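Have a look at the chain below and turn it around a few times. Then read on for a short tour of its parts.

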Amino acid sequence: MKKENKSQNGENQIMNIGIIGTGMLGNAVGLHLLEAGNNLTVYNRTREKTKELESKGAKVVDSPKQVAENSEIVIIVVKDSKAVRQISFDNNGIVFGKHDGLTVADMSTIDPSESEKITEEFEKFKINKLDIPVMGGPNVAISGDLVVMASGHKSTFEKFKKVFETIGNRVFYLGEKSIAHSVKLAMNLQIAMLALALSEGITLVRASNIDPKIFLEILNSTYFKTGMSEKKAYKMIDDKFDATFTLENLKKDIATITDYAKSNGVNLPMIKKAQEIYENASDMGFGKIDYTGILAYIKKINES
Ligand SMILES: NC(=O)c1ccc[n+]([C@@H]2O[C@H](COP(=O)([O-])OP(=O)(O)OC[C@H]3O[C@@H](n4cnc5c(N)ncnc54)[C@H](OP(=O)(O)O)[C@@H]3O)[C@@H](O)[C@H]2O)c1
């Protein structure tokens, strides 16, 4: 369904929005923002990946600086904190396109402490930064159905709330600090475990020559079903691992989770084990497929 940035009196408010990082998620968010009637300026390190957005009306520019110059709010959707820093502060970075009222909102999944430091660096340039990590992939971003977890200054959040409500079907404001990223890490911990649990369950029933569809049908009749077991699992048993979120990116998030847990003095034994498994899978060449391809890795290690 087409959504718009509704103002308090119910009118659609067209906004000048920028996106830096038009990978799988950034591209889908951008397509939806365009469909909602906004003006969109985009930059991606690999220009090729801006083609679809350009064909739908986005303005493609040559630097993060130019995105900032053209936008009221710049949404960052890049791989990790190193990339966030580069596009923010390096030559031709966002801060060089500063103008009054510019706000930055980081949707990338990164370490909460790193995010806080990045927010402080933006503040030195008198630029407001929000954190807006999301749950849901490109397939739901395309219709504005992400779940948005936001943190940062409340007044800045309120100013752009309508944009976040266009991007997501649920928007949770969590507080002033980079707390949204802490919650996001706890979310991705669920994703890592669910994909593993499903993969091991499927592998176990297959070993007894039981059709994994029966396993899924029974699982999905119980309290223990999940969105993943009801949807993606059927692709998994058909060996369909087209990426909506790569195993490599989940591996990156698991490393962030374990580092963050360690720095907070928390022992999380399961995610440490999961880290080893996803790292082995990536080393064996499964990094570019969907994270649910962890099933293909488990199949592989059982063949040898
Ligand atoms: N896909 C999902 O379901 C999902 C859901 C929630 C959150 N996320 C998070 O959103 C972010 C993007 O995910 P994605 O799925 O869109 O990944 P992706 O398709 O792999 O895209 C990664 C993006 O980051 C850019 N990038 C990487 N390193 C860079 C650098 N050093 N400088 C500038 N740009 C750099 C890439 O540019 P190039 O094209 O030039 O490589 C690309 O635009 C990640 O933090 C991910 O964890 C993803």
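This report goes from the domains to a set of strands and then to the ligand.

## Two domains

Keep in mind that this is a predicted model. The chain splits into domain 1, residues 16-177, and domain 2, residues 182-303. If you take the centre of each domain over its C-alpha atoms, the two centres sit 28 Å apart.

So how do the domains meet? On each side there are 15 residues involved: 15 from domain 1 are in contact with 15 from domain 2. On the domain 1 side, helix H5 (112-124) and helix H6 (138-141) each bring at least two residues to the touching side. Sort that side by class and you get 8 nonpolar, 4 polar and 3 charged residues.

## Strand E5 and its neighbours

Now zoom in on strand E5, which covers residues 103-106. Is this strand covered or open on its faces? Both faces are covered: Thr103 and Ala105 are buried on one side, and Val104 and Asp106 are buried on the other. That back-and-forth fits a general pattern: in a regular strand, side chains alternate between the two faces of the sheet.

E5 has a pairing partner in strand E4 (residues 73-76), and the two run parallel with 4 bridges between them. Along this pairing, isoleucine 76 stands opposite aspartate 106 of E5. To get from E4 to E5, the chain passes through helix H4 (residues 81-89), making a right-handed β-α-β crossover.

E5 also pairs with strand E6 (residues 128-131), again parallel and joined by 4 bridges. Here alanine 105 stands opposite leucine 130 of E6. The chain travels from E5 through H5 to E6, and this β-α-β crossover is right-handed too. You have met H5 already: this helix supplies at least two residues of the side of domain 1 that touches domain 2.

## Around the ligand

Which residues come nearest to the ligand? There are 26 residues around the ligand, and the nearest are Gly23, Arg45, Thr46, Gly137 and Phe245. By class, the shell is made of 9 nonpolar, 13 polar and 4 charged residues.

Where does the shell come from? Both domains chip in, with at least three residues from domain 1 and at least three from domain 2. Among the helices, H1 (24-35), H4 and H12 (247-263) each give at least two residues to the shell. So H4 turns up twice in this tour: on the path from E4 to E5, and in the shell around the ligand.

Key
Residues numbered from 1 in each chain as written. Predicted model: local features only at pLDDT ≥ 70, side-chain atom pairs only at ≥ 80, totals over all residues. Domains from an automatic or database assignment. Contact = placed C-beta atoms within 7 Å. Nonpolar A, V, L, I, M, F, W, Y, C, P; charged D, E, K, R; others polar. Buried ≥ 20, exposed ≤ 12 C-beta atoms within 10 Å, placed from the backbone. Pairing = 2+ DSSP bridges. Right-handed = clockwise from strand over helix to strand, strands pointing away. Near = placed C-beta within 6 Å.
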